[in-house]
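I opened this notebook page to record what I looked up in the model, one topic at a time. The entries follow the order in which I went through them.

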Amino acid sequence: MSEMHPTPDELVDYLHGELPAARSAAIAAHIAGCPECADARDAEASLTNVLRAHALAQERELPPAVVSRIWEQVRSRPPSIWDRLSAALRPAIAVPVAIAIAAFLFFSIKVAHGPAHAATISAAYYVESHATLDAATPLSEDDPIPQTLANDEKTR
Ligand SMILES: [Zn+2]
């Protein structure tokens, strides 16, 4: 085979019948004698089927590799079925991403502030109750005030 392998984009165009007849025929002839390109064509064909099924089902999730592949195809091609597919897929991809970001922010704020807030409360309570304990505990003999209070208690 002296002929160059068709590029992946060319294979997609070939599968969609969007190439000039001469180029299409040349690729068909090449694929017939090139197992590598036949495999690539089969992969493209199955990807196309997956995307069609996806667009019909309006599912919300695709493997990241497939998603990046979609955008790769969308950017590198003239108006075609891919643009209609991408128009159908755009909200399906953007909405879960936005929800995931919102959920991440929500939970990370919860995690950062929830326990810290509770710890502040219990620390304040701890300090307060210790201060109370200190005030109530009879101190050493060199502090006259608790002694006086204790004596008042006894004389009552
Ligand atoms: Zn080839």
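Which hand does the crossing have where α1 passes α3? I looked this up in what is a predicted model, and I noted that the crossing of α1 past α3 is right-handed.

**Entry: the two helices.** I then took the geometry of the pair, in which helix α1 covers residues 8–15 and helix α3 covers residues 35–57. Their axes come within 10 Å and cross at roughly 65°. On the α1 side I listed P8, L11, V12, Y14 and L15, which meet C37, A40, R41, E44 and A45 on the α3 side. Sorting the residues of this contact by character, I found 8 nonpolar and 2 charged, with no polar residue.

**Entry: burial in α1 and what follows the helix.** I went along α1 for accessibility and wrote down E10, L11, V12, D13 and Y14 as its buried residues. After α1 comes G17, for which I noted a positive phi, near 65°.

**Entry: Y14.** I chose Y14, which sits in helix α1, and asked which residues it is in contact with once its neighbours within four places in sequence are left aside. The list I obtained is L19, S24, I27, A28, I31 and R41. For one of these, I27, I also looked up the separation from Y14, which is 13 residues in sequence and 7.6 Å in space, taken from C-alpha to C-alpha.

**Entry: the zinc ion.** Which protein atoms serve as donors to the zinc ion? I recorded ND1 of H5, NE2 of H30, SG of C34 and SG of C37, at 1.8 to 2.3 Å from the ion. The angles among the 4 donor atoms run from 104 to 114°, and the site is tetrahedral. Along the sequence the spacing of these donor residues reads H-x24-H-x3-C-x2-C. I then checked the accessibility of two of the donor residues: H30 has a relative accessible area of 0%, so it counts as buried, and C37 is buried as well, because its relative accessible area is 4%, under the 20% cut-off. I noted that C37, a donor of the zinc ion, is also among the α3 residues that meet α1.

**Entry: the whole chain.** Finally I stepped back to the chain, which has 6 helices and 0 strands, giving the pattern α-α-α-α-α-α along the sequence. Of its 156 residues, 22% are buried. Among the contacts with a separation of 6 or more, I found that 55% come from residues 24 or more positions apart.

Methods. Residues are numbered from 1 along each chain as its sequence is written. This is a predicted model: local features need pLDDT of at least 70, side-chain atom pairs count only at pLDDT 80 or more; totals for chains, interfaces and linings use all residues. Side-chain values use heavy atoms; hydrogens and water are left out. Axes are lines fitted to C-alpha atoms, for helices over the stretch in contact, and angles run from 0 to 180 degrees between N-to-C directions. Helices (H or I, at least four residues) and strands (E, at least two) are DSSP runs, numbered from the N terminus. A crossing is left-handed if the near helix is turned anticlockwise from the far one by less than a right angle, and right-handed if clockwise. Contact means heavy atoms within 4.5 Å. Ala, Val, Leu, Ile, Met, Phe, Trp, Tyr, Cys and Pro count as nonpolar, Asp, Glu, Lys and Arg as charged, and the others, Gly among them, as polar. Donors are N, O and S atoms within 2.8 Å of the metal (3.2 Å for Na, K and Ca); water is not among the atoms, so sites may look incomplete. Four donors count as tetrahedral if all angles lie between 85 and 135 degrees; four count as square planar and six as octahedral if opposite donors are over 155 degrees apart and all others between 65 and 115; anything else is irregular. Buried means under 20% relative accessible area, exposed over 50%, partly exposed in between (1.4 Å probe, protein chains only).
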